[in-house]
Amino acid sequence: MLYFSRTLPDEPRTVSSDQMEVIPLGGLGEFGMNMMAIRHAGTILVVDAGLMFPRNDLLGVDLVVPDLRYLVEHKDEVKAIVLTHGHEDHIGALPYLLDEIPAPVYGTPLTLAFAEGRLSEHRLLDRVQLNRVQARDTLQVGDMHLEFLRVTHSIADSIGLAITTDLGTLIHTGDFKFDQSPPDGKTTDYSRFSYYGERGVLALFSDSTNSERPGYTPSENHVQRHLEQIFHTSQGKIIVACFASSIHRIQIILDLAREFRRRVVLVGRSMKENLGIARGMGYISVPAGTLADINEGLQLPADQIVLLATGSQGEPMAALGKLALDKHKNFRVEPDDSIIISARAIPGNESRISHLINHFCRRGAKVYDESRWSIHVSGHASQEELKLMLNLTRPRFFVPIHGEYRQLYHHSLVAQETGITKDRILLAETGDIITFTADGAGIRGKAPVGRRLLDDSGMADVDEFVVRDRQHLSEEGVVLAVVAINKSTGELEGLPELVSRGHLDEKGVSAILAEGKQIVLNTLKESTEEERADSLVLTEMIRADLKRFFRKRTGTRPMIVPLVLEI
Ligand SMILES: [Zn+2]
Ligand SMILES: [Zn+2]
């Protein structure tokens, strides 16, 4: 089914003032990595610069950011970068973008505070211009007139955008839902959205994440009631894992802790950082005496503790992962403890999370996860809310954004239910150039897009198709570590095998690899039986240890690919 006309790539044209182009550079037809360029009369506005966390099968890759070629090619036109909210899939690629294109950045205070953290890690803070804006503020960028529109989402201070040119107004919702009772009392700005609807909206770009869910997404309040029940019945420690950016959720947990006379210990670096930022800016109020440091926490009886932990996506090296494997340096999970995973599994992370749950069950803990307990609500609009957005803005054209193809497609069906005919729906994917003229809209051409795969140093650039990536391999090389584990005994079968390609000179290579083998043997020796039984965990441990070894021993950063065979 073709909803639109599509033409083959044609070549660099300038965009005249009677034409506007919108180019999704990430996030359409894929999950995460949201980024969009809006181009009109010699000006490009960039909306969001997000990253994507890699799937399990992308070994040696820590994060994924959009290919920035298109923007680099039109560098002089880029006049502003606007961030809709502080989630990683919207701000995580900002350091890489600013490194290439130091355009001024606009966002609400909390969003910019989270972005600052990223930028200081990359030592970019003194080189960039961050401009705070508030909902209903306006901004002129070239011929584009912007207004920031408040929306509700799982993080405070989220905005959508109205972008007006002489061709008409585009509405970009950002990530949103219609929470009627948000914890901070700040609802989506219904009246501004309907104001634009009344004046006439050329196109609506709306969040598709939950377009397959019927009905309405419940309010954050809903989570509070269900968490309260768990607090009520828990006798041991309560360990809650959520995203460090889930400011509303963290507030709920702090309030419940006070109500149930428990003190909260933060475990995980990003949890401490984000809470510090949000508290400093007044987005979180910490009830007096609720937070405890680790030493205080260690003195408290189990039924007076809440651990607020990072690692809700099953990352083996994050706080929750360490607790699951009894590797945390301060706390142990005991029978009767309650583990609450208050986040949704990002697609691709389900098996890692399930692994963690197995480990917690082995320790006799009670595990509450999203599958059976209402301890998480989405921050994204369900179908009825999506219809409300469509009905408020009444756009001439509709472009579903933020989602894999299935979500974009289902959003297009939802739109049709509200009376938007197929010929007014542009089902675009990352890289499509959506063109608006006085005569209408269509997808005309393709911009260069793709992904950059990075390791956590942010240094090594890993091409998506590792096999084809001659350049990376010739610069840093790859080390393959093959380990065979007997599945029934958990013992090592034979010696680990290390193969190196393209990263060491012939001379001395065998001696270094022999040392590397010792490192792997050591990792295995120091691992528990439980860790050896979990190939995902073991893979991660071997990778971390070898990475450290090569960095110290040879100063190289090869891509480490551990293969744990269970035989
Ligand atoms: Zn978001
Ligand atoms: Zn998002």
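Select helix α12 (residues 383-393): it lies across β13 (201-207) and β19, running at about 165° to β13. A few conventions for that view: helices (H or I, at least four residues) and strands (E, at least two) are DSSP runs, numbered from the N terminus. Axes are lines fitted to C-alpha atoms, for helices over the stretch in contact, and angles run from 0 to 180 degrees between N-to-C directions. Contact means heavy atoms within 4.5 Å.

Next, add helix α13 (residues 405-417), which packs on the sheet and touches β13 and β19. Its direction makes about 155° with that of β19.

Before going on, note that this is a predicted model, where local features need pLDDT of at least 70, side-chain atom pairs count only at pLDDT 80 or more, and totals for chains, interfaces and linings use all residues. Residues are numbered from 1 along each chain as its sequence is written, chains are lettered from A and ligands numbered from 1 in the order in which they are written, and side-chain values use heavy atoms, with hydrogens and water left out.

Now show the sheet itself. It is open, with 6 strands in the order β9-β10-β11-β12-β13-β19 and mixed pairing; two strands pair if DSSP finds at least two bridges between them. At the edges sit β9 (138-141) and β19 (395-401), each pairing on one side only. From one strand to the next, the twist averages 20°. Zoom in on β9 and β10: they run antiparallel, joined by 4 bridges. Click L139 and you'll find its bridge partner in β10, L146.

Time for the metals. Pick the zinc ion (ligand 1), coordinated by H85 (NE2), H87 (ND1), H153 (NE2) and D175 (OD) at 2.1 to 2.3 Å. Donors here are N, O and S atoms within 2.8 Å of the metal (3.2 Å for Na, K and Ca); water is not among the atoms, so sites may look incomplete. D175 also bridges to the zinc ion (ligand 2), with the two ions 3.3 Å apart.

Select H85 and H153 together: they are 68 residues apart, H85 in the loop between β6 (78-82) and α2 (88-91), H153 in the loop between β10 (144-151) and β11 (158-165). H85 is buried (under 20% relative accessible area, 1.4 Å probe, protein chains only; exposed is over 50%, partly exposed in between), at 0%. H153 is buried too, at 3%.

Last stop: strand β15 (residues 263-267), with 4 of its 5 residues buried. It pairs in the parallel sense with β16 (residues 305-309) over 5 bridges. Click L266, whose bridge partner in β16 is L308.
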